[in-house]
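Below is a short briefing on one protein model and the ligand placed in it. Look over the sequence and the structure first, then read the points by topic.

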Amino acid sequence: MTDDDAFRREIRAWLAANMTAELRGTGGVGRENEAFELRLAFARRLAAAGWSTLAWPVAHGGRGASLSQQVIFHEEYARAGAPSRVDHIGTTMVGPTLIEMGTRAQQRRFLPALAAVEDLWCQGYSEPGAGSDLAGVTTRARLVGDRWVISGQKVWTSLAHVADWCFVLARTAPAPAGGPRSAGLSYLLVPMRQPGVTVRPIRQLTGDSEFNEVFFDDAVTEAGLVVGEPGQGWRVAMATLAYERGAATVGQQVGFQRDLDDLVAVARSTGAAADPALRERLTRAWIDLTVLRSHTLRILRESAPAAPSVIKLLWTRWRQGLGELAMDVLAHGDADPAAVRRWETYFLFSRADTIYGGSNEIQRGIIAERVLGLPRQARG
Ligand SMILES: Cc1cc2nc3c(=O)[nH]c(=O)nc-3n(C[C@H](O)[C@H](O)[C@H](O)COP(=O)(O)OP(=O)(O)OC[C@H]3O[C@@H](n4cnc5c(N)ncnc54)[C@H](O)[C@@H]3O)c2cc1C
């Protein structure tokens, strides 16, 4: 038996012992609030068994798992129908960023609670006037004695309503004349549960509220909770985004197979599977998914140029395509009402895939400039 086989057996056994019927298939994009408390408890059990931080280095409490072991974990996790993770912003975005760029003191303070899913995190980048043009953030932080005092507004802040901490991109110094606008921004770690922070839910197209407006009115955080040098937060913010768009999507993509299997089951139950055009499209979705998954792994293994951008472009196109196909499958016959609701939510939410984590237009811009060497886009 190879190490990978043994690893597969280990995670499979753990899931068999810990998964329950009520957790099966819960959560996911567009359904982040579903069975939240149950999923939180499950995430903590997963963490206690050392699975949540599988990819982290051993020195930081992880298992230092290889890419193939990470893939095996996600395959087994999806096969067991285990719930979507409530801790992904912490364990796959800010955790790796702190490991790469945080101070020893920050690592000692935050990584254990983050790994144990005791602290939940949210991402405070976007603002009403700054999304794609992230360097335009106007939230300000000034150092007063031993604390940063923060004022401004963030928007689209996923899971802020349950988060204990937020990593906030804020301006701490003016951009230098003639220098890059991103200079003078800092990456601050800010506690969410304090009087200066107000979280207001935003109702989405799906009817749910997974993201929020967040208002900082003289909110405070300790002077030492800036990651990287003050004013040099852009590099840190970009590192977090690369984690979001890159390897973190492997797990998500493994779940795509389950989505496709579910849609095939709906098509069978309604007779849509007998329609030649729908059969053809379902088959093509399977082929595209097979290609997508092997491309993603190759791109990651080879650290291909602009890998996170390429990966994001590939999977978002597939998921939106599946949402559109689902609508055509549902139109064909009477599906179970729960399946109709599930696929409506999927379709509606998938429209956001090409926006969050940096829009697809921005990803193509990154590839155009950094890989093809095309001239920088003129700012309108
Ligand atoms: C479901 C969801 C969850 C999110 N969660 C978070 C979160 O947790 N934290 C957070 O900080 N943000 C979050 N966001 C915000 C997300 O990062 C922004 O929506 C995104 O960066 C786009 O910014 P914007 O909405 O301001 O659109 P804009 O930047 O105003 O863009 C509008 C349109 O113009 C296009 N465009 C803009 N600039 C260019 C250009 N230079 N070239 C070509 N096209 C361009 C864009 O692609 C887009 O189609 C979330 C968004 C969604 C949809």
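**Ligand contacts and strand pairing**

An oxygen atom of the ligand is 2.7 Å from a polar backbone atom of Ser126. The model is a predicted one, and the points below cover the ligand, two annotated domains and a set of paired strands.

**The ligand and its surroundings**

- A backbone contact also involves Trp156, where a polar backbone atom is 2.9 Å from a nitrogen atom of the ligand.
- A side chain takes part at Ser359: an N or O atom of this side chain is 2.6 Å from an oxygen atom of the ligand.
- On its own the ligand has 970 Å² of accessible area, and the protein covers 67% of this.
- The ligand is surrounded by 17 residues, and the closest are Gln123, Ser132, Trp156, Ser359 and Glu361.
- By type, the shell around the ligand holds eight nonpolar residues, eight polar residues and one charged residue.
- Where does the ligand lie with respect to domain 2 and domain 3? Domain 2 (121-230) and domain 3 (245-370) both contribute residues to the shell, so the ligand lies between them.

**Annotated domains**

- The UniProt record, an unreviewed entry, lists residues 4-117 as "domain: Acyl-CoA dehydrogenase/oxidase N-terminal".
- In the model, residues 4-117 are 59% helix and 0% strand, and the C-alpha atoms at the ends of this span lie 26 Å apart.
- The UniProt record, again an unreviewed entry, gives residues 122-218 as "domain: Acyl-CoA oxidase/dehydrogenase middle".
- Residues 122-218 are 0% helix and 45% strand in the model, with 19 Å between the end C-alpha atoms.

**Strand pairing**

- Strand β2 (residues 140-144) runs antiparallel to β3, and five bridges join the two.
- Within this pair, Ala141 stands opposite Ile150 of β3.
- β2 and β3 make a hairpin with two residues between the strands, and Gly145 in the turn has a positive phi of about 60°.
- How many bridges link strand β3 (residues 147-154) and strand β7 (residues 211-222)? The two strands pair over eight bridges, in the antiparallel sense.
- Ile150 has Ala219 as its bridge partner in β7. Ile150 of β3 therefore stands opposite Ala141 and is also bridged to Ala219.- Strand β6 (residues 197-202) and β7 run antiparallel, joined by six bridges.
- Ile202 stands opposite Phe211 of β7.

Note on methods:
Residues numbered from 1 in each chain as written. Predicted model: local features only at pLDDT ≥ 70, side-chain atom pairs only at ≥ 80, totals over all residues. Heavy atoms only, no water. UniProt positions renumbered as here; feature names shortened; annotations may be inferred. Helix = DSSP H or I, 4+ residues; strand = E, 2+ residues; numbered from the N terminus. Near = heavy atom within 4 Å. Polar contact = N/O pair within 3.5 Å; in protein donor to acceptor, adjacent residues only side chain to side chain. Areas by Shrake-Rupley, 256 points an atom, 1.4 Å probe, with all protein chains shown as cover. Nonpolar A, V, L, I, M, F, W, Y, C, P; charged D, E, K, R; others polar. Domains from an automatic or database assignment. Pairing = 2+ DSSP bridges.
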